[in-house]
Amino acid sequence: MQATKVAIIGMGTVGTGVARLLLDHGDRTARHAGRTLWLERVVVKRRDKGRAIDLPDGVLTDDLAEVTSHPAIRVVAQLIGGLEPARTITLRLLESGKDVVTANKALLAEHGPELFDRARALGRSIAFEASVAGGIPIITNISQCFSANQIESLHGILNGTSNFIMTRMEERGAGYDDAVREAQRLGYAEADPTLDVDGSDAAQKLAILAHLAFGARVHWSDIPRRGIDTLDAADMRYARELGYRIRLIAQANLRSAGIELLVSPTLVKMGRPMAEVREAYNAVSVVGDAVGNLFFHGLGAGQMPTASAVVADMIDTAVGRTAITFRTLELWSRREARVRPCGPEHQWRRFYLRINVVDRPGVLGEIAGILGKHLISIGSVIQHESVGGTPYVPLVIMTDIAGEKNLQAAMSEIDRLTSVHSPGIVLRVLD
Ligand code: NDP
Ligand code: HSE
């Protein structure tokens, strides 16, 4: 049988999984690719470091040139995280005639235009299924299977680490810091887990999906985002009392004025599939005008689910399928954006508000008056009696559908009231 020589750069969580699939299950890749994917080299930073897998003699190296100058290696999985040296290594691989597969969304969200332009100019390709939602084949689905549709909205849980942390806190009463450490131990978290918990990783993935689904050219750092790091366990409890769970939701909604992009902890109605996504699972719900609503669910982080997506990309690249889609997609080309972000005046939804107020007559009326003035109608209110002699009580309000801009204006007035203790908490609601 014919063999295509391949290489891996980076032998961490994902690289090790990819090596396992290539070495232990060569029969599967041979069956699907009609050829063997032969692991010729694995490049690491420190050769002497202990590895969780035994590689055949002569495969492990710390010299990238053993890949770039190897004429028979055609496909390279670039699996180191962060921006540098990942960017320089990717450019060197493309320039030495290799097709690249990567799981590095930070790299694509930051340097996608440069890398894709370079790949196109050199007649090479970059495949990146594993960069969003780990094992869920969402990139292929959005870029190929929805081609007959105008995608109208897309929302999802795109960060496995945040979802894992929230589930552990909700279900096992774990402390936040312990849950973060466990996510690191299990190989879900980024090398710097701040990117997971502050919403940056989800925003990077949303920027990639919005680019594919809507032709939006938005830099990830321009997407309004909030992570779970500022979430208070009290809000998780109130949400439950109201029949919701809080999930870190990334959403892109096509409005008549443009596209609305947002990453934020969001109340999702219990019983909806999105609310029941647990642990390191991800989910993506996509609405197309022809196909209707499709829901994708699967492990969004972790060694083998991510390796599954990487190896599928390596097979597609080896047999030539990636080259065709890469050419036709024209990702991050200099073409004009098809849609631009729209402002808060075009965004409408329900909101959850928690406002710590002085426990005295008339306060609820004062707050209801400000919300009413800004055309925000109250759906329900929870106010428990104060305990332990504290002069403040949390007032929890669910609004009816309201404008994001109106809500912002109302909250800045409410926060200035002398009866309000600290800035109110505002979370979005997904019914
Ligand atoms: P790890 O931190 O576990 O592994 C990174 C690897 O890169 C290490 O083995 C390190 O080598 C190697 N490396 C760093 N610098 C160099 C260099 N200059 N030359 C060669 N190797 C180098 O990361 P992950 O495997 O978790 O993640 C890899 C990528 O995949 C990231 O972009 C991440 O965002 C993405 N990803 C991760 C997922 C996950 O669940 N973990 C899921 C989806 C995407 P050494 O071992 O010698 O230190
Ligand atoms: N750290 C990422 C997450 C890995 O937890 O989702 C998958 O991209």
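Here a visitor asks about a predicted model and a guide answers.

Visitor: How are residues numbered, and what do local features need in this predicted model?
Guide: Residues are numbered from 1 along each chain as its sequence is written, and side-chain values use heavy atoms, with hydrogens and water left out. In this predicted model, side-chain atom pairs count only at pLDDT 80 or more, totals for chains, interfaces and linings use all residues, and local features need pLDDT of at least 70.

Visitor: How many aromatic pairs does the structure hold?
Guide: Rings of Phe, Tyr and Trp (its six-membered ring) pair if their centres lie within 6.5 Å; planes under 30 degrees apart count as stacked, over 60 as edge-to-face and the rest as tilted. By that rule the structure's aromatic pairs come to four.

Visitor: What kind of pair do the rings of Phe 116 and Phe 128 make?
Guide: Their centres are 5.6 Å apart. Their planes stand at 80°, so the pair is edge-to-face.

Visitor: Is Phe 116 buried or exposed?
Guide: Buried means under 20% relative accessible area, exposed over 50%, partly exposed in between (1.4 Å probe, protein chains only). Phe 116 has 0% relative accessibility, so Phe 116 is buried.

Visitor: What kind of pair do Phe 164 and Tyr 188 form?
Guide: The ring centres of Phe 164 and Tyr 188 are 5.4 Å apart, and both residues are buried. With the planes at 65°, the pair is edge-to-face.

Visitor: Which residues do ring pairs link into a cluster?
Guide: Phe 128, one of the members, is buried at a relative accessible area of 5%. The cluster is made of Phe 116, Phe 128, Phe 326 and Trp 332.

Visitor: How many disulfides does the count give?
Guide: A disulfide is a pair of cysteine sulfur atoms within 2.5 Å. Cys 145 is exposed at 52% relative accessible area, whereas Cys 342 is buried at 9%. The number of disulfides by the rule is zero.

Visitor: How many salt bridges does the rule find across the interface of domain 2 and domain 3?
Guide: Domain bounds come from an automatic or database domain assignment, which gives domain 2 as 138–300 and domain 3 as 344–430. A salt bridge is a side-chain nitrogen of Lys or Arg within 4 Å of a carboxyl oxygen of Asp or Glu. Arg 349 and Glu 260 form a salt bridge, with their closest N and O atoms 2.0 Å apart. Across this interface, the number of salt bridges found is three.

Notes: Chains lettered and ligands numbered in written order.
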